[in-house]
2 protein chains.
Amino acid sequence: MYLEDMSRENRTRYALLGALLHGEKSGYDLKKEFEHRMSHFWAESLGQIYPTLHRLRSEKLVARRSDRSGGSRARTLYRLTTAGRRALSDWLAESPAPESARNELLLKLFFGPELGASGAIEHLEGYQDRLIDQRRLFDAMAGEIDAQAVSAEQRAYWHLTLLSGQEVTDARLRWCRKALRTLRHLGASTGRGGRRAER
Amino acid sequence: MYLEDMSRENRTRYALLGALLHGEKSGYDLKKEFEHRMSHFWAESLGQIYPTLHRLRSEKLVARRSDRSGGSRARTLYRLTTAGRRALSDWLAESPAPESARNELLLKLFFGPELGASGAIEHLEGYQDRLIDQRRLFDAMAGEIDAQAVSAEQRAYWHLTLLSGQEVTDARLRWCRKALRTLRHLGASTGRGGRRAER
DNA sequence: CGCCGCATGTAAGAGGTTACATGATTCG
DNA sequence: CGAATCATGTAACCTCTTACATGCGGCG
């Protein structure tokens, strides 16, 4: 017999419930919410959102209604029920589960001698580019937060999560520069960019 | 018909192939390898390792032999084949896929007004404790690297991945302190630690 | 002798992504 | 009118974790 494991409960459910705190939204709206405001720490796909909404509804944690206002095509809007808000609150109070690390770039770098310095440098440069884009995005997001019509308290929390992204991204960028410096030395001393160059 | 997606190929396979670069190991050895040397950027469970080893063997990317030396019970040792090493090399050269972010602490913090400042502070303190432990572990790992009988080049790559963990952890710790300072102010101004205190 | 660590596996199921499928509306 | 975006879903598939299952060897 399999025991229930409360600690590994479906987090998508709660991400959705939380995203509904500020009023009713469609599945599509929720997707955009994740992409625009929460992309630096959470992602959900539509193939996960729609079935989960159905399930939440069958558990009475959300309610839905049809909306055809605005003349555009009908949308299905979901809102939190009292039970849904309580379920969210209970989950929020639980201590967050530690994340299990999985970083493909570091994995490849760990096998550096097999990859070769030139390959490692390429990967790091690509990573660096993505980090720089991300960093710019964070600055833009910070500006948008202040334009939102929500409480100062809510904005403070949003800024905090964003600040985490900014600080961590900056740290990664600093590390990138250091790593690239190291690898360019290493590449020069092991000759012609390492193993892959032997082919 | 479903198209094949090369970019989302099973990374467990390559993590195992890479971990076999320095000689033959059993499934159990591999698990320890991940736990001890790669825990800051990669994790694999035994329920993933054993089936994957079988699969790699059927694809001739690894070979195995039985070992009963040392008087202890028999172990099954796996080693890279030439094809396995080539498959690893090819994968290493591919540009790493961007990681999709999922950070439960930040998700909960994002819903801070519903959680309440006191809850947020508790979660952050727990997070901080884990980070401090992790930071200490990194220092210990740095010392161990130099004791390994491998090339200076290999050690350089290991140090680089470790440095990433150290820098990012330090950044997170700095952020934690800032966030706690902010929340203690917020908690004082919104009274008695927020929503949960109302129950 | 009982527990812990070593060692190897399998089974069930949750969770998640991508592609497929469909259709409306809007805008150039 | 064609493309992009809005909008809602389903199907197939993969990955991964957890629990189950089993047994040996060493040590206190």
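A cavity, on a 1 Å grid over the protein atoms alone, is a set of points where a 1.4 Å probe fits but cannot get out, and its lining residues have an atom within 4 Å of a point. Grid points are joined across faces, edges and corners, and a volume is the space filled by probe spheres set on the points.

Good morning. The model before us is predicted: local features need pLDDT of at least 70, side-chain atom pairs count only at pLDDT 80 or more, and totals for chains, interfaces and linings use all residues. Residues are numbered from 1 along each chain as its sequence is written, chains are lettered from A in the order in which they are written, and side-chain values use heavy atoms, without hydrogens and water.

I begin with the two chains. With copies superposed by least squares on the C-alpha atoms of residues with pLDDT of at least 70 in both, a turn of 180 degrees and a shift of 0.0 Å along the axis lay chain A on chain B with an RMSD of 0.0 Å. This is the relation of a two-fold axis. The same surface serves both copies, since 100% of the contact residues of chain A recur in chain B; contact means heavy atoms within 4.5 Å.

I turn to the cavities. How many cavities of 30 Å³ or more does a search of the whole structure find? There are three. The largest has a volume of about 90 Å³. Its lining includes Phe110(A), together with His36(B), Arg37(B) and Trp158(B). Helices H2 (27-37), H7 (117-147) and H8 (152-190) of chain B are the elements that give two or more residues to this lining; helices are DSSP runs of H or I, at least four residues, numbered from the N terminus.

The second largest cavity holds about 60 Å³ of space. Among its lining residues are Gly18(A), Trp158(A), Phe110(B) and Phe111(B). Helices H1 (11-19), H2 (27-37) and H8 (152-190) of chain A each supply at least two of the lining residues.

Finally, consider one residue, Ser39(B), in the loop between H2 and helix H3 (46-58) of chain B. Is Ser39(B) buried or partly exposed? Ser39(B) is partly exposed (20% to 50% relative accessible area, 1.4 Å probe, protein chains only), because its relative accessible area is 30%. Beyond its neighbours within four places in sequence, Ser39(B) is in contact with Ala101(A), Phe34(B) and Leu137(B). A polar atom of the Ser39(B) side chain lies 3.4 Å from the backbone oxygen of Glu35(B).

Terms used: On a 1 Å grid over the protein atoms alone, a cavity is a set of points where a 1.4 Å probe fits but cannot get out, and a pocket is an open set with protein on both sides within 12 Å along at least five of seven lines; lining residues have an atom within 4 Å of a point. A polar contact is a pair of N or O atoms within 3.5 Å; within protein, one must be able to donate a hydrogen and the other to accept it, and residues adjacent in sequence count only if both atoms are side-chain atoms.
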